[in-house]
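I opened my notebook to follow the strands in this structure and to see how the chains meet. Here is what I looked up, one entry at a time.

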Amino acid sequence: MVQPSFSHPRSDPSSSSTSTSPTAALDTFLDNQHQSYFEELYKSEAVCLCILRSLPPVCRHIILHNLWSHQPLRTIDIKSLLQMDIQVSLQDVDEVMRPAINRKILHPLLNKKSKMIYPSNDAFKKGLRNALTGLGTSNSFGVPFDREDDADIPDQQALETYGEDAFEGILKYMVSSGLGVGFPVARPQMEVLELLLISGLMVDPSDPSGQNPNLNRMTITSKGFQFLLEDRQTQLWEILMYYLTAKEANSERSAVVLSMFFSLGCMQLGQDYSASRSFPGALSALNDLAQYGFIYRPAPESDQFFPTHLATALCSGDAAATRGQDADEKRFLILETNYKIYAYTSNELEIAILNLFVDIRIRYPNLVVGKLDRKNVKSAMEKGISANQIISYLSSHAHPQMYNSPPPLLHPTIVDQLHLWDRERNRLKTEDTVMLEFFSKELFEDTEKEAKANAALQLSIPNQKFLFIEPQTKAAITEFVKERQTQLRSGF
Amino acid sequence: MSSGYEDAYRVKLTSGVLVTCDSAAKQILLHLDSMRDGPYKFMIRDVDDTHMMIKREYVEEIKELLQDELEKNTYVQDPNL
């Protein structure tokens, strides 16, 4: 009898990204770029500044320390700065500087006396110096728009509301797509829908081949649901990176667009900028960003634009700045052991997410009452939402009151039941196999050892002398068995 | 590979799909198999409590049949109660 164990829920690759930094998507993208890409990026002062900010503090200090020096950084300098022992191996120093090396800011090389030195990237050095001193001519921090003094401009609050509405609109659309009877939501523009499809956040279920998807009939995927659970800044960077990857797939140059993201991140909320003078090379990309609520344009064709808080907080590293809701506002769920859910919220998006897996019974202006039942949870799971995703949603939105009862936060009955419902879907684990049936114990044990050593073993049943091995290792194992057979037979 | 019936060192090779499941699901599978005749039988070898070897072409069908069977055994509360 196999006892279910929920202490180590099977690791879900899609949920492993939840604890990483909000810029994880950006980091992976940059890690895969070549030297030349960075050379192009570092032409923009804003990029240099933002990349510097994204480095760990130690790295940042060392780079700033060496910024005005004409000598390349030496290993011994780093060691003395970090108060490391002089005998510390080169790998440890390398480890500390790894983030900067990955961003091609430092290029480690051996000098004539075979000592390691770290000369810095000239473009980066120049860019950062200009950023700090206000020199440079690339206008990468944006050019303010030349407007009349009495012109009516939106205040910060209005910009935040605008940005929030635009982005939540997209999220709401994603959620409501999963429901048979959705509540009325505005459909995002075609470009946005295309990106949602390409990124795999949504699919057209009626078109499994992916040849000719209908953008109007898309539904949310497991990846899309995971995306909804991320915090806002992670979502923004993920969307931007999907956008960038899509651009690259069309063999467009993405460096200009990426440096525009960083420029936007350095802009000031409430200030208006001139599009044509700030980003002469990326005007169409800027227009695309308007659909996600990153920028606000008073008139569609005007040169004037305001970055919203979504854009200006991109590089701040401060997750709270982009979070539309306060942390307290996010905590609205009370879950009882009888599976009843009380959600103290009037946020349409949150209610829509709940509606994916909760049977909503009562809806008041500020309270939604529902029940977690098998039918709804299983239909959510059929859409690719896993038990772990639901549990992490429930616990991250738990009402402060829930913390007053003794831990664990969510009652084990409910957590276990969710896992059981998840398990019910796939009670069978199937894998291709080749069965070897032995009659000699000796030969069985030898083969088992050999299969185990080569990671070919799926299952071994010693009392019946069965071995199950990976099909692709069949040839190798057969070879081994033949050899042993000959040896054993001649042994007598 | 096997040479002669009397050979103690002979080995029999069979390919198929190894199914790993809990013992309750295993019993349902056994039941499903016993309801079938001749070529429609899917089980190649009953391995142990939690494992079974079946024919590859039946994998998807078996999964669906098992789901149906489990669905029959689930209590659904009358929403009007």
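**Entry 1: the sheet shared by the chains.** I began with an open sheet of six strands, and this is a predicted model, so I read it as such. I traced the order as β14(A)-β15(A)-β13(A)-β1(B)-β3(B)-β2(B), with antiparallel pairing. Which strands stand at the edges? I found β14 of chain A and β2 (43-48) of chain B there. Each has a single partner strand, so one side of each is left without a neighbour in the sheet. I also looked up the turn between neighbouring strands, which is 30° on average, direction ignored.

**Entry 2: the pairs around β13(A).** Next I followed β13(A) to strand β1 (residues 11-20) of chain B. How many bridges join these two strands? I noted 10 bridges, and the strands run antiparallel. One pair I wrote down is Leu436(A), whose bridge partner in β1(B) is Leu13(B). Then I turned to β15(A), which is joined to β13(A) by four bridges, again in an antiparallel run. In β15(A), I found Phe468(A) opposite Met435(A).

**Entry 3: where the chains touch.** I then asked how many residues each chain brings to the contact. Chain A puts in 30 residues and chain B puts in 29 residues. On the side of chain A that touches chain B, the elements giving two or more residues are β13 (429-438), β14 (457-461), β15 (466-469) and α22 (474-490) of chain A. Of these, β13(A) gives the most, with 10 residues. I sorted the residues on this side of chain A as 16 nonpolar, six polar and eight charged.

**Entry 4: how confident the predictor is.** For the complex, I copied down an ipTM of 0.81 and a pTM of 0.70 from the predictor. Chain B has an average pLDDT of 82, and 88% of its residues score at least 70. Where in chain B is confidence lowest, and where is it highest? It is lowest in helix α2 (residues 59-72) of chain B, with a mean of 86, and highest in strand β3 (residues 51-54) of chain B, at 90.

**Entry 5: chain A as a whole.** I listed 22 helices and 15 strands in chain A. Chain A has 492 residues, and 34% of them count as buried. I also looked at its contacts between residues at least 6 apart in sequence: 65% of these join residues at least 24 apart.

**Entry 6: another sheet in chain A.** Here I found four strands in an open sheet, in the order β9-β10-β12-β11 (chain A), with antiparallel pairing. The edge strands are β9 (333-335) and β11 (359-363) of chain A, and each pairs on one side only. On average, neighbouring strands of this sheet are turned by 20° against each other, direction ignored. I followed β11(A) to strand β12 (residues 368-371) of chain A and noted four bridges in the antiparallel sense. In β12(A), Val369(A) stands opposite Ile362(A).

**Entry 7: one residue up close.** I ended with Phe227(A), which I found in helix α10 (residues 222-229) of chain A. Why does Phe227(A) count as buried? I noted 23 C-beta neighbours inside 10 Å, and the cut-off for buried is 20 or more. Leaving out residues up to four places away in sequence, Phe227(A) touches Leu201(A), Gln235(A) and Glu238(A). I also checked Phe227(A) against Ile239(A): they are 12 residues apart in sequence and 9.5 Å apart in space, C-alpha to C-alpha.

How values were computed. Residues numbered from 1 in each chain as written. Chains lettered and ligands numbered in written order. Predicted model: local features only at pLDDT ≥ 70, side-chain atom pairs only at ≥ 80, totals over all residues. Pairing = 2+ DSSP bridges. Axes fitted to C-alpha atoms, helices over the stretch in contact; angles between N-to-C directions. pLDDT = per-residue confidence, 0-100. Contact = placed C-beta atoms within 7 Å. Nonpolar A, V, L, I, M, F, W, Y, C, P; charged D, E, K, R; others polar. Buried ≥ 20, exposed ≤ 12 C-beta atoms within 10 Å, placed from the backbone.
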